Amino acid sequence: MHYFDYKNGELYAENVSLRDIAAQVGTPFYCYSAATIRRHIKMFQDSFKGRDALVCYAMKANSNQAVLTLIAKMGAGVDVVSGGEISRAIKAGFPVSKIVYSGVAKTSAEIRQGLELGIHCFNAESEPELERINQVAGQMGVKAPVSVRVNPDVDGGGHEKIMTGKSENKFGIPWQKVDKVYELIATLQNLEVVGIDLHIGSQITDLKPFSEAFERIGSLVAKLRGVGHKIQHVDFGGGLGVPYKNDNDIPPHPDEYAAMINRVAGDLGVKYIFEPGRMIAANAGILVGEVEFVKHGDGRDFVITDIGMNDLIRPTLYDAYHDIKPISEPQNGFETRIVDVVGPICETADYMAKGRELPIFKQGDLLAVMSAGAYGAVAANTYNTRALIPEVLVDNDRFAVVRKRLEVEEIIALDIVPDWI
Ligand code: LLP
């Protein structure tokens, strides 16, 4: 569910016309809907009402400070994966007690940063990482709260580049080895076990892989408690998919996800932690651009826009499908054409859609790439020396530029030409 709809023949973000925003900020730009973000956070929180549960938004999906501030104000926590993200979390007002820190290669400096602040927990992914956390905590004279990320060897069923829960993926500790790792922790004096966690992948549209993985965790909790570990929380990670297409493949609702979790983990007597990213942000954002040219090739038509793969890499990297809508609503009985929607970058892989049946576009038309709020702006880059595009947040009938366009002069100014050239 989102709040990007046609009104009076034009696409709106809540109560603001996207054409008006385009006129003021130029194209391309990302536009986020505050009401959609709030709705998704609340939906997730409500699904676990009455339970000791904390939603820790995975900010890697969209870490704009305005988006983070809005989410922090709703009482949510946050999942971070770098020192940079810890700094963003603090600046946005997340309490340190609601920060969980994931990631396979935490540096000593990042661990120190987390310990100085007193974050809730480090989700540790390997034995050498646990030893490093122990060492840094020892130097600081503190105990580090840790949880072990378990790799349950479960296939989430989505795109292979975003699966994390199979034994061949670099993430977590194989579930058969987990009790050995907790034995190691018992010998490391500056660590304190607080939980156990997992994250099996992203854009998962079926509950089965989740329940398979969570059942494994359930039996591990009992086993670890049996040998004296205090497992206070289970962090179930993120991964719940979103509808990118208007077809029948609708991912499970958070209520169904919650019912499954209560069934497999309801009796464990643990606090639940969740790390949803995409589910919160994807459908809360769109990418608006303009048609530069329409080109009729040999057996193929190209709609060439000002949106490049540097602005949204998902179609290129994961063959991801994003709906494309004209900003002007097509009239009843409109004609369509099968086209490739491509960008200005000098790469064949620079496209938003291939062989897609769409209303007929012409030069100067505005269009929206839908469901671009997660893993969009955060993964943008300046390839081909293209300015980083702005981000806009709409809340009801007002909007603000929440990240300004990074101009070409600013990009060039980052380079240094040594005087010996
Ligand atoms: N927790 C951990 C430890 C993660 O690694 C991730 C995502 C999440 C939570 C949030 O997962 P979500 O609820 O968003 O599925 N760039 C890719 C997605 C990469 C996901 C990385 N990890 C894409 O555009 O599809």
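Which residues line the second largest cavity? Val294, Val303, Arg337, Val339, Pro359, Ile360 and Phe361 do the job. Keep in mind that this is a predicted model, where local features need pLDDT of at least 70, side-chain atom pairs count only at pLDDT 80 or more, and totals for chains, interfaces and linings use all residues. Residues are numbered from 1 along each chain as its sequence is written, and side-chain values use heavy atoms, with hydrogens and water left out.

**Around the ligand**

- The ligand has 17 residues around it (a residue is near if one of its heavy atoms lies within 4 Å).
- Ser202, Glu275, Arg278, Arg314 and Tyr375 are the closest of these.
- Sorted by class, this shell has five nonpolar, six polar and six charged residues (Ala, Val, Leu, Ile, Met, Phe, Trp, Tyr, Cys and Pro count as nonpolar, Asp, Glu, Lys and Arg as charged, and the others, Gly among them, as polar).
- Both domain 1 (4-31 + 282-413) and domain 2 (34-281) supply at least three residues each to the shell, with the bounds coming from an automatic or database domain assignment.

**Polar contacts with the ligand**

- Ser202 has a side-chain N or O atom 2.4 Å from an oxygen atom of the ligand (a polar contact here is a pair of N or O atoms within 3.5 Å).
- Arg314 puts a polar side-chain atom 2.6 Å from a ligand oxygen atom.
- With Tyr318, the partner is a nitrogen atom of the ligand, 2.9 Å from a polar side-chain atom.
- On its own the ligand exposes 590 Å², and the protein buries 90% of that (areas use the Shrake-Rupley method with a 1.4 Å probe).

**Empty space**

- Rolling a probe the size of a water molecule over the atoms shows where empty space is left.
- The ligand takes up the space of the largest pocket (on a 1 Å grid over the protein atoms alone, a pocket is an open set of points with protein on both sides within 12 Å along at least five of seven lines).
- There are two cavities of 30 Å³ or more (a cavity is a set of grid points where a 1.4 Å probe fits but cannot get out, and lining residues have an atom within 4 Å of a point).
- The largest cavity has a volume of about 60 Å³, and its lining is Tyr30, Ala377, Ala380, Leu388, Ile389, Glu391 and Arg403.
- The second largest cavity holds about 40 Å³, and its lining has six nonpolar, no polar and one charged residues.

Conventions. Polar contact = N/O pair within 3.5 Å; in protein donor to acceptor, adjacent residues only side chain to side chain. Sits in = over half its atoms within 2 Å of the grid points. Points joined across faces, edges and corners; volume = space filled by probe spheres on them.
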